[in-house]
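Biologist: Could you walk me through one loop in this model up close, and then work outwards to the rest? I'd like the cut-offs spelled out as you go.

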2 protein chains.
Amino acid sequence: MAPQHPNPEPAEPATLWERIERPAKAPRTTLSHASIAAAAVEMADAEGLEAVSMRKLSGHLGVTTMALYRYVTGKDELFELMLDTAFAGRPPAAPAPGWRGAMRAHAERSRTTALRHPWILELTATQVVTLTPNVVAEIDAALGAFTAAGLDADTAMAAVQAVRAYIRGALADEIGQRELMKRQNWSDGDDLRHAYGPRMNWLMETGRYPAYRDYTKTARRKDDFAWRYDFGLDCVLDGLAARLGI
Amino acid sequence: MAPQHPNPEPAEPATLWERIERPAKAPRTTLSHASIAAAAVEMADAEGLEAVSMRKLSGHLGVTTMALYRYVTGKDELFELMLDTAFAGRPPAAPAPGWRGAMRAHAERSRTTALRHPWILELTATQVVTLTPNVVAEIDAALGAFTAAGLDADTAMAAVQAVRAYIRGALADEIGQRELMKRQNWSDGDDLRHAYGPRMNWLMETGRYPAYRDYTKTARRKDDFAWRYDFGLDCVLDGLAARLGI
DNA sequence: ATGGATGTGAGTACACCGTACACACGACTG
DNA sequence: CAGTCGTGTGTACGGTGTACTCACATCCAT
């Protein structure tokens, strides 16, 4: 055992964001948090989240696998980095009037981001820590919009969570369906339901799901994602307005 | 190459649920879909979803790994089986009056199930196919509740999806926070925020998130999950009632 | 009753994954 | 000019999902 250093640990910066902030000495400048994150996001966009492995990512960057671990303590932190990158560069606070406008803008931005980076939903469900700087900024803005309307901290957070919960769930639904269609090169939802059929048909044949069966036969807006998204969002916002008197 | 059978493939049952239905000849009866699913659910409940591997599961069942593949085409189908099992045995349609009662019951059942099997949310986000028989039954019941109130198929589905989207998102939030607390043996949310601190504190110190910072200091119901859940649910239901005139 | 068909579980093997560890290089600081 | 420390390299280990082949138990038709 070596001379046994007196201080067990000097003062490791510990958190990822703190480490990023100070620009590092830069002896060799091949890699950076930004370049790693960008490459990972690109890979996930193109081939899906499960295609992002430390090996493939390092190969894509022309670097050994273990080099990544200088910037990231493990794959979890890589995911955090990706998440924050996906939510970066979005309009800080669109010129929307009142809390309602702010929440609509928030919802629209969320959908745009999720459609561009479908793996986000998978990530936020798996990941333990999802509160990256850009995500916190988003929540902070929403929170501010409600407190500005006169709500106390608890109620404002409850309102924010109600809206964000809906957004998250609705997007998870939509993305899930879209990914299923994409995976099979289907353009139309009818294709989906047709080849989804082997399972769905059999289930429907059992006659146990009359309402669902009726829906599949008579519905017309089965693929109108945007309409359904806005419809649900309006319900939540209406409910908030009525219930909180704002 | 053997005599080259004329029919390339006789007629494989293909879908998991179809295969389950017919009980199979049963030459050896060590395993069954039910026993596999039950063991997997038990493992996931106890040690988390990531602890469920084909090897560990087979070991737990006293069987070789590959034996499982006689009942399941791959891990995806195992997950499907688990999902369906988790949603099984729930009261088919509680004696709740009207669509509103039905949706409240639906929401409560969903929360109970999610708290009992936290891995469900992780699963539905990752899984391509989440429409297992028991899940479809749930949707069918909800759909029926709305059509009974006079809604057409499209609107009824939009309403169902609005409610289910909120439920899904809200539970994902709650479960995520609870899992984070459980993972560290924290009992209180303050513990969470305290040790979450290294990251959170630093972010807050930047002063970039005034509203969020204010919330962390003045809020009192930070851990009242049930209250927030019901609050958001009521908002959605109020919005539906007002917007659809039901 | 008996012989073959049929499905079951065993065993082996492969490719891939995340990451721990020890080492070599090279630019900045003194 | 010399030393240091951050940076990237190489190797290795344990774990994963699953494809393939083979021995055997059970049931059905004879």
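Modeller: Let's start at A:Val63, which sits in the loop between α3 (54-60) and α4 of chain A. Helices here are DSSP runs of H or I with at least four residues, strands are runs of E with at least two, and both are numbered from the N terminus. Before going on, a caution: this is a predicted model, where local features need pLDDT of at least 70 and side-chain atom pairs count only at pLDDT 80 or more, while totals for chains, interfaces and linings use all residues. As for labels, residues are numbered from 1 along each chain as its sequence is written, and chains are lettered from A and ligands numbered from 1 in the order in which they are written.

Back to the loop. A:Val63 counts as partly exposed, because it has 17 C-beta neighbours inside 10 Å. The scale behind that takes C-beta atoms placed from the backbone: 20 or more others within 10 Å makes a residue buried, 12 or fewer makes it exposed, and anything in between is partly exposed. Leaving out residues up to four places away in sequence, A:Val63 touches A:Thr30, A:Leu31 and A:Ser58; contact means that the C-beta atoms, placed from the backbone, lie within 7 Å. A:Thr15 makes a handy distance marker: it is 48 residues from A:Val63 in sequence and 24 Å away in space, C-alpha to C-alpha.

Now the record. UniProt, in an unreviewed entry, puts a "DNA-binding region" at residues 53-72 of chain A. Over that stretch the chain is 35% helix and 0% strand, with its end C-alpha atoms 13 Å apart. The unreviewed entry also gives "domain: HTH tetR-type" for residues 30-90 of chain A, a span that is 56% helix and 0% strand, with end C-alpha atoms 27 Å apart. Those positions are in the numbering used here, the feature names are shortened, and such annotations may be inferred rather than shown by experiment.

On the other end of our loop is α4(A). Its 12 residues should span 16 Å at 1.5 Å a residue, and its end C-alpha atoms are 16 Å apart, so the two agree; the expected span is 1.5 Å times one less than the number of residues. Buried residues of α4(A) include A:Leu78, A:Phe79, A:Leu81 and A:Met82, along with the charged A:Glu80 and A:Asp84.

What does α4(A) face? The domain assignment splits chain A into domain 1 (16-88) and domain 2 (98-188 + 223-244), with bounds from an automatic or database assignment. Taken over C-alpha atoms, the centres of the two domains are 26 Å apart. At their border, 13 residues of domain 1 of chain A are in contact with 14 of domain 2. On the domain 1 side, α2 (33-47) and α4 (75-86) each supply at least two residues, and α4(A) gives the largest share, 5 residues. By class, that side has 9 nonpolar, 1 polar and 3 charged residues. Nonpolar means Ala, Val, Leu, Ile, Met, Phe, Trp, Tyr, Cys and Pro, charged means Asp, Glu, Lys and Arg, and the others, Gly among them, are polar.

Stepping back, chain A has 12 helices and 0 strands, and 38% of its 246 residues count as buried. Among its contacts between residues at least 6 apart in sequence, 65% join residues at least 24 apart.

Then there's the partner chain. In all, 58 residues of chain B are in contact with 59 of chain A. The largest share of chain B's side, 16 residues, comes from α8(B), and by class that side holds 33 nonpolar, 9 polar and 16 charged residues. α8(B) itself is largely enclosed by the rest of the structure, because 23 of its 31 residues are buried. Its 31 residues should span 45 Å, and the end C-alpha atoms are 43 Å apart, which agrees.

How do the copies relate? A rotation of 180° with 0.0 Å of shift along its axis puts chain B on chain A with an RMSD of 0.1 Å, which is the relation of a two-fold axis. The same surface serves both copies, with 100% of chain B's contact residues recurring in chain A. The superposition is by least squares on C-alpha atoms of residues with pLDDT of at least 70 in both.

Conventions:
Contact = placed C-beta atoms within 7 Å.
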